[in-house]
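Visitor: Could you pick one part of this model, give me a close look at it, and then follow the trail outward from there?

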Amino acid sequence: MKGTFDTPSILIIYTGGTIGMVEDRRTGALENYDFAHVRRWIPELDEFDYNIESYAFKPAIDSSDMEPANWAAIVKVIADNYEKYDGFVILHGTDTMSYTASALSFMLEGLAKPVILTGSQLPISKIRTDGRENLITAIEIAGARIGDRPEVPEVSLYFQNRLFRANRTTKRSAEALSAFRSYNYPPLAEVAYNLPAILQPEESPAELRIATKLSGGIELIKLFPGMGEEILRAMFSAPGLRAVVLETFGAGNAPTSEWFIRVIEEA
């Protein structure tokens, strides 16, 4: 049932990742657990005056295996439940969380409700896991309102005390609990909300529309010192290639050598 101003209704969508793993005490190996039992590890969820329900992808998706088809499945879950809930929290592995967050920000057109991605660096079974605080705060933000409007009606990423615009994030560390940064846009929240930075929908927003037909044949080529002509030419000759994004140096600088210019022109 859709929530009210007093009792927001939140759907947690568990896709996979470290936040949904427990450590085998005998072997030290990480194993997925049934996310329906999340309250065993985070009993604080029972303290919320929210209607909290969950949806889990089965099998769970390792973030290294995340691909556009999975993004389409996630937005389909949101669209199917859009009228039932006031906000959505997506639990995701950290390795590709920024990619998914960015993609969802473009695939959810006319969004007027919070969609917050979060996860953890440490398994939920660890005593000092960061997953507990990340999930609790993400739920709080998903249910936060100003009057009858949500405070953060856009796709965002919450991690270690900071809320970022989804499509401005990058993972900066595989070890630090403060794993994400937004280098070209201010945090939407850092203890307190940065309201002027948050994207607000129109007064009478259109219905939610989802885009699930994503183009293939697009390649990212990261330039590096010493890249040779044969390597770059091989990358451009991939079958089915339709477009290339060149990740260049600094503010957009690239080699000026004759062979580099020639390969680009030929492509």
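Guide: Sure, and one term up front: contact means heavy atoms within 4.5 Å. This is a predicted model, so local features need pLDDT of at least 70 and side-chain atom pairs count only at pLDDT 80 or more, while totals for chains, interfaces and linings use all residues. Residues are numbered from 1 along each chain as its sequence is written, and side-chain values use heavy atoms, leaving out hydrogens and water.

Let's start at V244, which sits in strand β18. Helices (H or I, at least four residues) and strands (E, at least two) are DSSP runs, numbered from the N terminus. Setting aside neighbours within four places in sequence, V244 is in contact with E219, I221 and F236. Is V244 buried or partly exposed? V244 counts as partly exposed, because its relative accessibility is 30%; the scale here is buried under 20%, exposed over 50% and partly exposed in between (1.4 Å probe, protein chains only).

Strand β18 (243-247) also takes us to the largest pocket, since this strand supplies at least two residues of the lining. A pocket is an open set of points on a 1 Å grid over the protein atoms alone where a 1.4 Å probe fits, with protein on both sides within 12 Å along at least five of seven lines, and lining residues have an atom within 4 Å of a point. Strand β17 (218-222) supplies at least two lining residues as well, as do α1 (68-80), α2 (97-107) and β12 (170-171). In total, 22 residues line the largest pocket, and W71, S98, Y99, S102 and L220 lie nearest its centre. Which element gives the largest share of that lining? Helix α2 does, with 6 residues.

Both α1 and α2 turn up again when we look at the packing. They each supply at least two lining residues of the largest pocket, and now for their part in the largest nonpolar core. A nonpolar core is a set of buried Ala, Val, Leu, Ile, Met, Phe, Trp, Tyr and Cys residues joined through side-chain atoms within 4.5 Å. The largest one has 33 residues, and I78 and L108 have the most contacts inside it. At least two residues of this core come from each of β1 (9-14), α1, β5 (87-91), α2, β7 (115-118) and β10 (155-159). Helix α1 gives the most, with 6 residues. If you click on I78, you can trace its contacts with I13, F88, I90, L108, V115 and L208, again leaving aside neighbours within four places in sequence. There is also a second, separate core of 30 residues, and among its members are V22, V89, A138 and I141.

One of the I78 partners gives us a handy ruler back to where we began. V115 is in contact with I78, but the C-alpha atoms of V115 and V244 are separated by 30 Å, with their positions 129 residues apart along the chain.

Over in helix α3, look at I136. I136 counts as buried because its relative accessibility is 18%, and it touches I42, E44 and F48, not counting residues up to four places away in sequence. E44 has another partner too: its side chain meets that of R132 in a salt bridge (4.0 Å, N to O). That pair links distant parts of the chain, with R132 in α3 (131-143) and E44 in the loop between β3 (30-32) and β4 (51-56), 88 residues apart. A salt bridge here is a side-chain nitrogen of Lys or Arg within 4 Å of a carboxyl oxygen of Asp or Glu. R132 is partly exposed at 22%, and E44 is partly exposed at 32%.

The whole structure has 12 salt bridges, and helix α5 (258-266) is a good place to see some. E258 pairs with R262, their closest N and O atoms being 2.5 Å apart; the two are 4 residues apart in α5, so about one helical turn separates them. R262 also forms a salt bridge with E266, with closest N and O atoms 4.0 Å apart, and these two are likewise 4 residues apart in α5. Through shared partners, E229, R233, E258, R262 and E266 join into one network. E258 counts as exposed at 54%, whereas R262 is partly exposed at 27%.

One last stop for the backbone: the K58 to P59 peptide bond is cis, with omega near 0°, and P59 lies in the loop between β4 and α1.
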